Amino acid sequence: MTWATLPRESRDTLFLLAALAWTLLPQLAQVPPWCATLAYAALGWRAWLAWSGGALPSRWLLVLALAGASAGTLASHQSLLGPSAGVTLLVVMSALKTLELRARRDATVVFFLGFFLVLANFLHSQSLATALAMGLSVWLLIAALVLAHLPDHPGGLPPLRHALALSTRLLLTGLPLVIALFLLFPRVAPLWAMPGPGTGKTGLSDHLALGDVAELAQDDTLALRLQFEGAVPAPSLLYFRGPVLSAPEGSGWQRQQRTAHATDPTPQPPPARTAPSVRYEMTVEPLGLGTLPMLENARTRPTLPDAELDLPWWRHPEGDWYTQRPLTERMRVLATAVLETPQHDAKAAPSPPVDADDPRWVPYLALPDGQHPRTRAWADAQRVVFGADPADSGRRAQWLLDHIRQQPYVYTLAPGLLGKDPVDDFWLDGRAGFCEHYAAAVTVVLRRWGIPARIVTGYLGGEVNPLNGVLEVRQRDAHAWVEYWHAARGWVRLDPTGAVAPERIRRGERLAAPRGLIGQTLVDLDPRLLDQARAVWGAAEHQWKQWVLGYSTHRQQDLLAALGKERLDSQDLGRLLAGAFAAAVGIGAAWTAWRARTRRRDPWLRDHERLRHVLRRRGYDAPDHLATAGLLEHLRGQTDTDLVGLAHLLETLSQWRYAPAGQRAALRPLWRAAQRAAARLPERPVQAPSRRACSASPPAPPAQTGC
């Protein structure tokens, strides 16, 4: 059996299954593996039955499959309620429902389950890629719905292109109403979800545990987008300060306990008056943290022009901006940064030692009990080798950087599994790791030497999109560095990664993410194609997030104010929506009536009337009741002009009038040629109107009436 010989029911079923399979595709990364396997197995089985004409399975088998799916959902999610469990059940039930497609009613249920799946996909992602994929799903599902209701075609099956074209017209017809709903409907904060636990990805966190992830995945998702007022600063200045981890936690680190109005026990010297400052607009993705990554140094409170609620922001004494609840929504931030953060300088003046018993320094000198014994012993041994004042923080820090450069340390995202004490294993044995390994080990050594130190996490660098000049900071730009205390300079940035991978700091380079099949193909064709494609996609996605996902209540009010409608509440918006809906219904009804009126008329009669209208404008009498042959004879009695060209066209049209539809030539070009030939006739004085001539003329022969 071939596609051309399939019965209509089988062809329509296969088309519906293809649309449903495409709609289910984004759910593969969200549902348990058994759910995805069961769903696509059911779709494949149903497709084979449609192709081969086999019988559908019994209801008892479907009941058993549904019971097994419910048990699997309960085992995977510990509940049958909630978003995750609900989506899992929806995926399974949508696929199993196709195995009982016996009537048009069952197909209608599958259609609307497909629309529910489209909505479910937006619970996990509202990106431009998801929107385009689900737009294609809606188009295919509507086409399948249209295909199921099309009448049989005279030449065989209703063509798929006809159903797809009708689906396109339906979508375009409803597009204005969709735009009106989007612009006028009261804004509701979107639902966001972050990747679940157990996935080691680059990004920010409130905790640092070196031994948990053997290989750090390269997460290429966007974290920040920045538009600067002026040129983009150098990559070495693009340090985005996130959570500061200064409290030991076993073999890892965590943030200190936050208080809303804490004062800085170790105040940073104010920046010089000549320090350059930059203003920028930043779009922050939902990071799931209470810390807002800001370009150092941000000493003024950030403003959120589109925020639905005025979140209280505090600047922690450790320099980061935070709020009391995680960032679960995309937000736009306006901020100013002073690019004058003290950086490590080996030639800086010596720093006197700090009092280890001073409460200000105790949190920044603390080390976990029983942890890192070999690293502590190594640090104690270097006191003798170094031979200088152990409290000279600048010289000690420079000695550590030289040690990293001289020893076979390697910067890699795949350091392998570490032992019970990851700092000891990395610093003294493996000597291969990423930025967090170097920051943690250097912090331990500095604290052991009596130098206050802490770990700072955030982002470094980014990539400027050449199409719109927007700096795109991705999750794989996440970085960690060290700050140590210098009495004259305050907290000084020390980035030990620069000693082993200086290109990471100077040019903001990062380890390349693994390419997929399409990306590798583009690189093989032309290395620039992948970068150009990424730039175009990044610019389009930025516009999508700014003007679609970022369309907040404030922007809605700004739009209405520009239209002369200021300070509208929900009732006013409801009235505007009702007016837009009524206008759309009126326009649709008028268009439908016009289409019905024009379609009821025979195209032959419509073109014949146009020809008579042309003749009347030239001054000739053209009665309504005359067919083409009679009209030609009537014209010959009114003029001595040669009518050979017009006569040939009218005789040809008369011959094709009643030819079979499959053999009939294209008549519209002939009619247009006849109308042009009539327009070239010499103008003559206007005669009596054709209606009067028609009333005075004898009745037309029955064979020609209405032709």
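Select helix 21, residues 644-656, in this predicted model. At 1.5 Å a residue, a helix of 13 residues should span 18 Å, and the end C-alpha atoms of helix 21 lie 19 Å apart, which agrees. Now show its side chains. Buried in helix 21 are Leu 646, Ala 647, Leu 649, Leu 650, Thr 652 and Leu 653. An α-helix has 3.6 residues a turn, so residues three or four places apart point the same way. To see what covers the buried residues of helix 21, add helix 19 (603-617), helix 20 (628-636) and helix 22 (667-679), which are among the covering elements.

Next, go to helix 1 (8-24) and helix 2 (33-52). Their axes are 9 Å apart and the two helices pack at an angle of about 165°. That angle is over 145 degrees, so helix 1 runs roughly antiparallel to helix 2. The crossing of helix 1 and helix 2 is left-handed. For the contact itself, select Ser 10, Thr 13, Leu 14, Leu 17, Leu 20, Ala 21 and Leu 24 on helix 1. They meet Ala 39, Tyr 40, Leu 43, Arg 46, Ala 47, Ala 50 and Trp 51 on helix 2.

Stay with helix 1 and centre on Leu 16. Which residues does Leu 16 touch, leaving out those up to four places away in sequence? They are Leu 101, Val 110, Phe 111, Leu 141 and Ala 144. Leu 16 belongs to the largest nonpolar core, a set of 41 residues in which Leu 16 and Val 91 touch the most other members. To display the elements that give two or more residues to this core, keep helix 1 and helix 2 and add helix 3 (59-77), helix 4 (83-97), helix 5 (104-124) and helix 6 (128-149). Helix 6 contributes the most to this core, with 10 residues. Apart from this core lies another, of 39 residues; select Leu 400, Ile 404, Cys 435 and Val 500, which are among its members. In soluble globular proteins, nonpolar side chains tend to be buried together.

Last stop: Gly 469. This residue sits in the loop between strand 15 (463-464) and strand 16 (471-474). Is Gly 469 buried, partly exposed or exposed? Its relative accessible area is 27%, so Gly 469 is partly exposed; the buried class is under 20% and the exposed class over 50%. Now draw a C-alpha to C-alpha distance from Gly 469 to Gln 227: 7.2 Å in space, for a pair 242 residues apart in sequence. Leaving out residues up to four places away in sequence, Gly 469 touches Leu 226, Gln 227, Val 232 and Val 464.

Note on methods
Residues numbered from 1 in each chain as written. Predicted model: local features only at pLDDT ≥ 70, side-chain atom pairs only at ≥ 80, totals over all residues. Heavy atoms only, no water. Core = buried A, V, L, I, M, F, W, Y, C linked by side-chain atoms within 4.5 Å. Buried < 20%, exposed > 50% of the residue type's maximum accessible area, 1.4 Å probe, protein only. Helix = DSSP H or I, 4+ residues; strand = E, 2+ residues; numbered from the N terminus. Contact = heavy atoms within 4.5 Å. Expected span 1.5 Å × (residues − 1). Axes fitted to C-alpha atoms, helices over the stretch in contact; angles between N-to-C directions. Parallel < 35°, antiparallel > 145°, perpendicular 65-115°, else oblique. Left-handed = near helix turned anticlockwise from the far one by under 90°.
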